[in-house]
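Biologist: I've got a structure up on my screen and a pile of things to ask. Mind walking me through it?

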Amino acid sequence: MRPLALLEVVALLSLGGSLLAVAVPAFVMNLRASRLAEPIDGLASIAGRATLLASGAEVPLAYPASVAMTPSRVPAGQRVADPTGSWDHPTWRRLDFSITDTHSFAFSFDSTLSATESRFVARAQGDLDGDGVLSSFTLGGSVRAGEEPRLGHLEVYREVE
Amino acid sequence: MSRGTLGALLVAGLGLGCVHGVRAGLARDFSHVRQRYDIHSLPSPERAVVFSMGYRSALADLLFAGTLVESGLHLQAHRPFETVVERLDVVLKLDPKLATVYRFADTLVTFQARGVGRKEYFAARRLLEQGMRELPYDGELYLSAGQFMAYVAPPNLLKTESPEVVAEWRSAGARAMVRACELSGGQQNIAFQCVTAASLLRKSGEVEALERFVERVLAVTDDPEIQRQALTSLERATSEHRRELMSQRRDRSAARKKADIAFVKRDLYLLLPPPSDVWRCLAPGASDAACAQSGRSLQQATEGRSGQSL
């Protein structure tokens, strides 16, 4: 078999390098994009259950109590598995929300309760590239006395970090 | 150095020079390029089935994974995902039993970086209803669909739809949640949330459905808090006489369970036939209740004797 000439090697490396230069960033971008389903689905689930609970309760008790970011450290650049009991907080149980598989985002639930109007904000934070800069997704809702509960729109901040 | 080597190095040097010369300008232009519209590049659902050459589930998985990626890319670009419904239609034509698609359907269609319109809400409902037809025993799907139709979508539809249309959405959502309750059995968490569906039935005046629903919730749960909430919703909608008859029936069932096998959970006990004593049944003049083979025949025998019926 004839060895490759230098010109052929240069051409081969150029072509291969060009392909890799396009394919690798695109692959990484798609990989991260596919992980954005996790916070959106999680927030939709939390907000849906919270709204359901609010519809059957008095306004001052509409939403469960606040719960801090779970897990407490936002996963940085890798998927993490939570230790047993991470999602045992009464609020997560009332919202019927837990993550049993490895995941890339942490979730929190903040509620503000009063006699006339109660509100909640569900938040998901992640650090897909592990650079310490967090992306944040929030979805909120509210209920006023005498009205049906309402759900807000999804808000996204720095989703690509 | 040979002439060939020199030529190769010259070509490489020229290539590097060209790249260096045009790269900055191209990168600047590329950074300004933004995709604004989606083009639906998939074939129609029917053609996609043929195109799969029999590997329908595999192609459905592949397309759904691509849809999730596309959804994320659209979110990053703050663009509406205009072709998501068409893509999901193709996936579901290929594999109508792919439960994950139905679970994600309302989220993918209605939770986008920008707000969505009535078309998306109706499309999400269509997909969820298709899911409930295809997977009639998936309690989680029914609960999720019920939440969406009863609570998530209606406030957003009030701007464009008449109150009657919105009320129909809530009613359909309540029915889905009732079905979720029936399918959930004794799962306390789902049962607790399902009790709130009773308020929807009460508000829409579906008293009979409310009675049936509350009676089933009471029959399968041992949680006193859920029972209290279910009874509260019933008190607001039905007469005292009806509640008394239902209470009697519930008490009879509880007493029978206590005397028979008290340690079994309520929902499991309802699956068992009534206790029977073969010798007493064989005795001359034995009552129908002693020989009952099912809960229904026992109820008929008992109610026939006491002259009550519901």
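Modeller: Sure, and one term before we start: a contact here means heavy atoms within 4.5 Å. Also keep in mind that this is a predicted model.

Biologist: Okay, which residues does B:Ser71 touch, not counting residues up to four places away in sequence?

Modeller: B:Ser71 sits in helix α3 of chain B. With a relative accessible area of 14%, B:Ser71 falls under the 20% cut-off, so it counts as buried. Leaving out residues up to four places away in sequence, the ones it touches are B:Phe81 and B:Leu108.

Biologist: What length does that helix, α3 of chain B, reach from its first C-alpha to its last?

Modeller: Helix α3 of chain B covers residues 56–76, which is 21 residues. After α3(B) comes B:His78, with a positive phi near 55°. At 1.5 Å a residue you'd expect 30 Å for the helix, and the model is close to that, reaching 30 Å.

Biologist: Is helix α4 of chain B largely enclosed or open, and what does it pack against?

Modeller: In α4(B), residues 84–94, 8 of the 11 residues are buried, so the helix is largely enclosed by the rest of the structure. Among those buried residues are B:Val84, B:Arg87, B:Leu88 and B:Leu94. They pack against α2 (45–51), α3, α5 (99–110) and α6 (118–134) of chain B.

Biologist: Zooming out, what percentage of the residues of chain B count as buried?

Modeller: For secondary structure, chain B comes to 17 helices and 0 strands. Its accessible surface is about 17,400 Å², with 57% of that belonging to carbon and sulfur atoms. Among contacts in chain B with a separation of 6 or more, 60% come from residues 24 or more positions apart. As for burial, out of 310 residues the share is 43%.

Biologist: Over to the core: which helix gives the most to the largest nonpolar core?

Modeller: As background, nonpolar side chains in soluble globular proteins tend to be buried together. The largest nonpolar core here has 99 residues, and A:Trp92, A:Phe107, A:Phe109 and B:Phe148 touch the most other members. The top contributor to this core, with 10 residues, is helix α2 (residues 37–55) of chain A.

Biologist: And how many residues of α2(A) are buried?

Modeller: First a geometry check: 19 residues at 1.5 Å a residue should span 27 Å, and the end C-alpha atoms of α2(A) are 27 Å apart, so the two agree. The helix is mostly covered, and of its 19 residues the buried ones number 17.

Biologist: How far apart in space are A:Thr91 and A:Pro64, C-alpha to C-alpha?

Modeller: A:Thr91 belongs to helix α3 (residues 90–94) of chain A, and it is buried at 3% relative accessible area. Beyond its neighbours within four places in sequence, A:Thr91 is in contact with A:Pro64, A:Ala65, A:Ser66, A:Val67 and A:Phe109. A:Thr91 and A:Pro64 are 27 residues apart in sequence, yet their C-alpha distance is 5.5 Å.

Biologist: What about the outside: which helix gives the largest share of the nonpolar patch on the surface?

Modeller: The patch is made of A:Leu4, A:Leu6, A:Val9, A:Leu12, A:Leu13 and B:Leu9, with about 570 Å² of accessible area together. Take A:Leu12: its relative accessible area is 55%, over the 50% cut-off, so it counts as exposed. The largest share, 4 residues, comes from helix α1 (residues 6–35) of chain A.

Biologist: Now charges: how many residues apart in sequence are the parts tied together by B:Glu134 and B:Lys97?

Modeller: B:Glu134 and B:Lys97 form a salt bridge, with the closest N and O atoms 3.3 Å apart. B:Glu134 is in helix α6 of chain B and B:Lys97 is in the loop between α4 and α5, so the pair ties together parts whose separation in sequence is 37 residues.

Biologist: Which residues do salt bridges that share partners join into one network?

Modeller: Over all chains the structure holds 13 salt bridges. One of them pairs A:Arg119 with A:Glu117, the closest N and O atoms being 3.0 Å apart. The network joined through shared partners is A:Arg49, A:Asp96 and B:Glu140.

How values were computed
Residues are numbered from 1 along each chain as its sequence is written. Chains are lettered from A and ligands numbered from 1 in the order in which they are written. This is a predicted model: local features need pLDDT of at least 70, side-chain atom pairs count only at pLDDT 80 or more; totals for chains, interfaces and linings use all residues. Side-chain values use heavy atoms; hydrogens and water are left out. Patches are made of residues with over 30% relative accessible area and no salt bridge: like charges are joined within 9 Å, nonpolar side chains (Val, Leu, Ile, Met, Phe, Trp, Tyr) within 5 Å. Accessible areas come from the Shrake-Rupley method with a 1.4 Å probe; for residues, only the protein chains shown count as cover. A salt bridge is a side-chain nitrogen of Lys or Arg within 4 Å of a carboxyl oxygen of Asp or Glu. Helices (H or I, at least four residues) and strands (E, at least two) are DSSP runs, numbered from the N terminus. Buried means under 20% relative accessible area, exposed over 50%, partly exposed in between (1.4 Å probe, protein chains only). A nonpolar core is a set of buried Ala, Val, Leu, Ile, Met, Phe, Trp, Tyr and Cys residues joined through side-chain atoms within 4.5 Å. The expected span of a helix is 1.5 Å times one less than its number of residues.
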